[in-house]
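Biologist: I am new to this one and would like to understand the labels. Could you show me the model, and then let me ask about the reasoning behind the terms?

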Amino acid sequence: DDLQDNHYAHPIDILPIVDLNSKTCIRIDGLERPPTEIPQASVNYHRDLLETNSYLQTAWRSDTLKALDIVQSEGPSFTVQDNNHVAWQNWNFRVGFNYREGLTLHDIQFNDR
């Protein structure tokens, strides 16, 4: 009901097949199945809506995790430039983050393709 709602949290189990050249819907896969129940729980990560989430924990865990140390004795095998461009073993991509999808990868290339 909220404009800031995470609409990915309420999936519809169908898949429209679209011809982008003719701008027409060819068919809709999944209509032959009975509809699944659409989750109604609030799943919002927007900072103003976090308190509306009914499934989030309300207290810190008492069994805290032990430290995780990752060491690359010869230095990292990747580089980060322009704050979000990662180059690693012939891969190049940009890393992003937002409150709806979380971690996002953009402009993914392998061997400059």
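Modeller: Gladly! Rings of Phe, Tyr and Trp, with the six-membered ring used for Trp, count as a pair if their centres lie within 6.5 Å. Please keep in mind that this is a predicted model. A search of the whole structure finds 1 aromatic pair.

Biologist: What makes W91 and F110 a tilted pair?

Modeller: Their ring centres are 4.8 Å apart, and that is within the 6.5 Å limit, so they pair. Their planes meet at 55°, while stacked needs under 30 degrees and edge-to-face over 60, so the pair is called tilted.

Biologist: Which parts does the pair of W91 and F110 tie together?

Modeller: W91 belongs to strand 5 (residues 91-98) and F110 to strand 6, so the pair links parts that are 19 residues apart in sequence.

Biologist: Why is W91 called partly exposed?

Modeller: Its relative accessible area is 34%, and partly exposed covers what lies between 20% and 50%, so W91 fits that label. The label holds for F110 too, because its value of 32% falls between those limits.

Biologist: How do you know whether H85 is buried or exposed?

Modeller: Buried means under 20%, and H85 has 16% relative accessibility, so H85 counts as buried. H85 is located in strand 4 (residues 85-88). Leaving out residues up to four places away in sequence, H85 touches T79, V80, N92, F93 and R94.

Biologist: What makes the link from the side chain of H85 to the side chain of N92 a polar contact?

Modeller: The distance given is 3.4 Å, and the cut-off for such a pair of N or O atoms is within 3.5 Å.

Biologist: How do you know that strand 3 and strand 4 pair?

Modeller: Pairing needs at least two bridges, and 4 bridges join strand 3 (residues 78-81) to strand 4, with the strands running antiparallel. One of the bridges has F78 partnered with W88 in strand 4. In this hairpin, with 3 residues between the strands, D82 has a positive phi near 50°.

Biologist: Why is a positive phi worth pointing out?

Modeller: Most residues other than glycine have a negative phi. Past strand 6 (102-110), N111 has a phi near 55°. D112, also in the segment after strand 6, has a positive phi of about 60°.

Biologist: What makes D112 exposed and N111 partly exposed?

Modeller: D112 reaches 64%, which is over 50%, so D112 is exposed. N111 has 39%, between 20% and 50%, so N111 is partly exposed.

How values were computed:
Residues are numbered from 1 along each chain as its sequence is written. This is a predicted model: local features need pLDDT of at least 70, side-chain atom pairs count only at pLDDT 80 or more; totals for chains, interfaces and linings use all residues. Side-chain values use heavy atoms; hydrogens and water are left out. Helices (H or I, at least four residues) and strands (E, at least two) are DSSP runs, numbered from the N terminus. Buried means under 20% relative accessible area, exposed over 50%, partly exposed in between (1.4 Å probe, protein chains only). A polar contact is a pair of N or O atoms within 3.5 Å; within protein, one must be able to donate a hydrogen and the other to accept it, and residues adjacent in sequence count only if both atoms are side-chain atoms. Contact means heavy atoms within 4.5 Å.
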